[in-house]
Structures are given as structure tokens and as C-alpha cells.
Amino acid sequence: MPPNAKSSPSERVSSSADRDELLAVFNRYAHHERLGERYMTPHEFLQDYLGYLKGDNIDPTTLDILSALVDLNKDQRITITEFVNFESLLLAPDSLYRLAFQLFDRQGQGFITFDDFRYIISATKQFKEFPFDFDSEFVSTHFGAKRQRQVTYKEFTQILLDFIDEQTIQTFRKFDKANVGYISLKNFEVILKELRQYQLSEFISSHLNDVIKLSNPTTSTNQISYPYFIAFLQLLSNIESMRKIYLAICEKKTHAYRSPTITKEEFLTEAQHFPRTTPLQIEILFAITHLLHRTNPTHENDRHYIELNDFDLISAHEHLLPYRLRSEIVDECYKVEHQSILLKVLESSYRFALGSIAGAVGATAVYPIDLVKTRMQNQRSTSIVGERLYRNSIDCFKKVVRYEGVFGLYRGLIPQLVGVAPEKAIKLTVNDFIRDRLTLADGTIPLWAEIVAGGCAGASQVTFTNPLEIVKIRLQVAGELQSVRRPAASEVVRELGLRGLYKGARACFLRDIPFSAIYFPAYAHMKKRFADEHGYNDPKSLFISGLLAGIPAAGLCTPADVVKTRLQVQARKGQTKYNGLVDAFKKIYAEEGWKALWKGAGARMFRSSPQFGFTLLTYELLQRALNVDFQGRKLEGSKHLDQQQYSPKSRSSIILSRNPDHVGGFHLAQATFEGIETRFGLAFPKYKSSSSPSNEPPSSLPPLSTLIGVPVPKLSSPH
């Protein structure tokens, strides 16, 4: 059942999708029927539903192995029961291990035999490069001398980790043919990049030789001893433990602001409380961070130290695993739901202030276009007064500069800047506030909720901005007639009075509510569209998103804007007067036709689009730069990370499915499949070995290295 209002964030994130929803999705993909029961084949489930391993040249063994993961009964039929059970499995606390066990349990018996183990290991890419010795003592110890022992799930979880070390040690011994306890640097590089690539970060991979030179205790850096070999591998496997040592030191430095820098001496002292950590591992760790700091000109280069963000730069993929993602979602939901009233008020005030600054920047950037738009909309096609002042927007722009000077383009800017503070600030703050409250526990927000949030934002601004906008418009059109004295803003306010300041308010509602209801959802979806493969938006993508979202929002709301302008501008002698919203619509249509309702549409789009582009760009960059944490929800696309501590390119978000049919746990399916390789190194060839790389067909699934933002370096050939 769907989570109720009283369930905790953890329960909601970890709960399965509604069975009726799962059934509806299943029926869309289950095209076969047997004895009145619908089903899909394992291949159809993997390729058509999950969208995994699509193409004509997929390795058939890999396809069969991964397809069998969900086929619990091993009968080549995925029924609704298996479909529901697999979705629950993806949300299990130990989903990676259970999925790996299911991978090896080829007969669906609930245990693993030696034949199962050998079949799966033999199908991996690592085995093809470095065949595993199945006659080794490791196999005898775990499966018995006669290979008769059946391994249970809990036993398997330990065997799998032991196997990773055993495979690497066997390869070391093969390279150490003279049995002297050393291998060459070249061979060490091959082992890391062939067998432990999934544990290598981009930085370590590209600076491996320099790391060894700084940390290798042997007399020759071209020789890698067995103890150094083991220490290096254990460090790669235990980066998270190193992070815990760092955090333990930080807890003792309660006076420190942000994450402090920790010296090697401090780290060694604290590491004694962690028995699996050795001084040699720490020596390698600080050699890596020293090189890392040397590549950054803002860091000190003359001393060895470590910072919190270093762990994300030197760890490969630990933070990309499914359970880490769910943990982050739960943490954020918990913080949002337990945010105090004081923090909510402070957060809204903070966003209001940033929105004011952002709005001022956006308004100033495009104000000349706004002035031209206003004057074009106020020009009557059938005016009794006389000639038309402007032929088009360009002509209007030229005449303003000619007769009023460059500063004439900024007539009414001051009240606009005064008004833009509550207008943009309230709009941005209310939209963010409503979105936060309507966001679901898994971090997603329905389209209807986005529209409601945008509409509320548009409605909230009118009360504060209508008086300022009517003053701005009166000042903008005051310069059209040279014979008329140009009034000051205070004179306009006195003339209008309190009631007059809200003239045209209904038209403002008619314009601003649909504008914001269109703009903010469009902006949110444009951000996702232009985000990089990790979900991060750089300044360019933010500006383009704001620019494009403003086009339909501004264009479609032009008729309401024309009516609002006519109602708010004081009619001159001989011009038609309007008695309200409906009367204005009727008279404009009767006297000037439908085209009059779209006057200034081009100028309005040309003004609103870049204005909101600049406004939203400034708003988001200010939030990222200041990075004030009120324990609320972070901006989407900003990676909800401290930008001073984390590099967006080095810490990528987990790959979540955006397919609306991937409900419940299925939105973690692709990440979990990749997690088997990320955590356990069980990489299977994607394509048939008979095809050359240049002939490999494009797959709907990018390589794992591409998904997590870590390019695979060229591998050296063993000698």
C-alpha cells in the first residue's frame, strides 16, 4: 500500500510500490499468456522493461546470466508474483548481496554449488584475462575437497569478498614467477586496471606512478613488494574506514568551522583505534592526497594533510551504490520533516533576500526591452488622437533613444527595482516552499504539484507588485508626448490613491498565475534536460533552461498582459476607456481585432525569457556560493553538495531511472545491476567476442565508467 502520512521517511523510501500500480505496469509489458496467467520472458524483462543490454550484438551468455536474476523458478516465465518479488528485492537492505547470490544460484535452489560458482566466475571479463585456479586451496576450503559442499546465502557473502582478494593474490603469484616476493611496477598496474578497475578513482589511475614513488618503501620504485601490494589493495577497499577515522578526529575538534585539515600525525594517532588500518596504508593515503593538493593551486603544497572532500576524489564508486542513494534521500526527507519553525522562517527569509538580488539583476538586464514592450502594448491601432507613434518595436527603441536619450530606456527603473524585490523574491520563495512540501519521499515531485506550486507563486506576488507595476507603467508611457510634463513616482501614487494602485489586479492574476504555473515546471524539466550525465547543472545550462522556459510562459500570457496594461495606463482624451477586465477584452477585440491582444508578444518573450534566465541563474548561483544550510531540501541540479568541498565531476549522483514505468524499487534496478560490478567486480562482457570494438553496436546503457563519470584509462599489456 502507499505510505501513509504517519510513516517515517525511511519507511516510505524503503517501501514497495502499490501492487495495483505494479500490476498495471506489468500488464503493459507482459505480452504472453499461459493457462490464463500473463508473463514476460526474462530477456523481455531485462531488455524491454528495464532497458538494460539492448542491441543486436549482446553477448548471449551475459544476457542469459543477468536475465535469470529475476526468474526465480527458472522456467523462462516472469509472472506478476516474480515481478512483485523482484521489486521488493531491489529495496531490501542487503539488495546487492542478495542479487549477487541470485546471480550464482542458477538452479533457484536457495544454495550455491561449486559448479554454479565456477560457471559465473568463468563468464566474467576478469577470468578471460586472468583465469582463476579452481583447483586452489581457496576452493577446497570453501567447497570441500570433493567440491560437494553447498553454500548458503550468508556464507556466500563472505566467500564473495574472500574471492576478490584470492583472485588478485593468484595473479600476483603468476607474475612473481621467481617467487621473490616482488612484481614489476608494470605488472602491478596491469593487476589494478584489469582486476580492481572498479575500485580505482580517475585521479589514482592517472597518477599511479607518482603515488608509488612517494609511498613505496622499497629501494626501487619499479619493484612492488607483496606487503605494499596488499596494503594498496586494502586501502582501496577501505576508503570508507579511512573516512571514519577522519570524522572521529573531527568530532574531537568541535571548535572547527567546516571540515578541518588533518595532519598525518593526527591521523596515525587516531588510526590506532582501527585495528585493520596500518601505517603503510596511511602512508599511501597521504601520498595520494599530497599529489591531489599539488594539482590544486589553492592548497598548500609543503605539508601533508587530508580534508573531507579528498575521500570523494580518491574513492571510486562507494558513494554511488544504491543503498547510499537511499540513505541520502532518507536523510534529506528526515531533515525536511524535522525542520524547526525557526529554521523554516530563516530559510524563507534567506531565499527572499537572494530572490531580491536575483530579481534586480534580471530586471536591470532587460529593462529597455520591457519599456519598449509596454509602449507597444499601449499604442492603439484605431486611436482618434492621431498618428501612430511607433511602427514596430525596433522603431520604438530608436525613437526613445533619439528623443529621450539612453537614460530614457530606463525610465521607471527605480520603482521597478523597488518592486522587483517583493515580486521575484516572493515568487521564488513561495514556489520553493510549496515544491518542498509537495515533494514525495523519494525526492520526486508530480507534475500537478509543480503546476500548483508555480500557480501559488504567481498569485502571491500580485498583492505586493500590482501597485509598483502600475506606477512603473505610468512612468514608462509618460515620455511619449513631448508636450506633457513627465511626473514623478510620488505624484503618480498620490493621483491613483490606494484603490487606484490595485487597478488591473484581476488582469495581473490572470497573467501571473498561468505564467508561473507554466514557467516553473518548464524550468524544472529544462534543468533536467540540460543537466550533465550526473544530474549537475552548470551556469550555462541554468541560463538556457530559464531562457527557454520563459518563451511559452510569456507568449501564452500576452493577452492578459495587454489587458492589464490598458487598464493600468491612464487613457488620454479621445482614447477608449475600459470598465474592468471583461469590458477591456470585449472593446479591444471589437475595435482592434484579435491581433491587438497579441501586441508586444515578441518583445514580451524577448524580455521575459532572458530576464528569468538571468534571475534564476543568479538565484541558484547565489545559493550555491553562500551554501547556507537550513536543514531543508537542496536545489535540484546543484548536487546538494558543499561546492567548496566537492567536485561535481568527481562525485556523481547514482544513476536513477527516469522511466515512469520503473515504479517503486525498479527505479533503483539499473543502479543495483551496476552495483554488482561496482562492489564485487563481477563484470561481464557486454558484446560478443567475435566483434571488434569498432563494430560494436550502440547500447542503450553506457559503460559503467561513463555512468559514474570515471573514464577508463588505456590498459597496459602484461609482459
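Colleague: Does Gly546 count as buried or exposed?

Modeller: This is a predicted model, where local features need pLDDT of at least 70, side-chain atom pairs count only at pLDDT 80 or more, and totals for chains, interfaces and linings use all residues. Residues are numbered from 1 along each chain as its sequence is written, while side-chain values use heavy atoms and leave out hydrogens and water. Buried means under 20% relative accessible area, exposed over 50%, and partly exposed in between, with a 1.4 Å probe and protein chains only. At 0% relative accessibility, Gly546 therefore counts as buried.

Colleague: Which residues does Gly546 touch, apart from those up to four places away in sequence?

Modeller: Gly546 has its place in helix H26 (residues 539–556); helices (H or I, at least four residues) and strands (E, at least two) are DSSP runs, numbered from the N terminus. Its C-alpha atom is 5.7 Å from that of Tyr523, a residue 23 positions away along the chain. With contact taken as heavy atoms within 4.5 Å, the residues touched by Gly546 are Tyr519, Tyr523, Ser609, Phe612 and Gly613.

Colleague: What percentage of the protein's contacts with a separation of 6 or more comes from residues 24 or more positions apart?

Modeller: The secondary structure comes to 31 helices and six strands. Of the 719 residues, 53% are buried. Among contacts with a separation of 6 or more, the share from residues 24 or more positions apart is 73%.

Colleague: How much of the exposed area of the protein do carbon and sulfur atoms supply?

Modeller: Accessible areas come from the Shrake-Rupley method with a 1.4 Å probe, and for residues only the protein chains shown count as cover. The protein exposes about 33200 Å². The part supplied by carbon and sulfur atoms is 57%.

Colleague: Which helix gives the most residues to the largest nonpolar core?

Modeller: A nonpolar core is a set of buried Ala, Val, Leu, Ile, Met, Phe, Trp, Tyr and Cys residues joined through side-chain atoms within 4.5 Å. The largest has 62 residues, of which Phe45, Phe83, Phe86, Phe104 and Phe117 touch the most other members. With seven residues, the top contributor to this core is helix H6 (residues 95–104).

Colleague: How many residues are in the second, separate core?

Modeller: Among the members of this second core are Leu192, Ile212, Tyr228 and Leu291. Its residue count is 46.

Colleague: Which elements are among those that cover the buried residues of H3?

Modeller: Helix H3 (residues 42–49) is mostly covered, with six of its eight residues buried. Those six are Pro42, Glu44, Phe45, Leu46, Gln47 and Tyr49. Leaving out residues up to four places away in sequence, Phe83 touches Phe45 and Tyr49, among others. The cover for the buried residues of H3 includes helix H2 (19–29), E1, H4, H5 and helix H30 (669–680).

Colleague: Why does the pair of Tyr367 and Tyr410 count as stacked?

Modeller: Rings of Phe, Tyr and Trp (its six-membered ring) pair if their centres lie within 6.5 Å; planes under 30 degrees apart count as stacked, over 60 as edge-to-face and the rest as tilted. The structure holds 42 aromatic pairs. In this one the ring centres of Tyr367 and Tyr410 are 6.2 Å apart, and the pair is stacked because the planes are at 15°.

Colleague: Where does Tyr410 lie?

Modeller: Its partner Tyr367, in helix H20 (residues 341–378), is 43 residues away along the chain. Tyr367 is buried because its relative accessibility is 1%, whereas Tyr410 is partly exposed at 31%. Tyr410 lies in the loop between helix H21 (393–404) and helix H22 (413–438).

Colleague: Over the face of which ring does Arg147 lie?

Modeller: A charge sits over a ring if NZ of Lys or CZ of Arg is within 6 Å of the ring centre and within 35 degrees of the ring normal. Arg437 lies over Phe433 at 4.4 Å from the ring centre. For Arg147 the distance is 5.5 Å, and the ring is that of Phe114.

Colleague: How many disulfides are there?

Modeller: A disulfide is a pair of cysteine sulfur atoms within 2.5 Å. Cys250 counts as buried at 18% relative accessibility, as does Cys396 at 0%. The count of disulfides is zero.

Colleague: Is Leu35 buried or exposed?

Modeller: Leu35 is in the loop between strand E1 (32–34) and strand E2 (37–39). Its phi is near 55°, a positive value in a residue other than glycine. With a relative accessible area of 79%, Leu35 is exposed.
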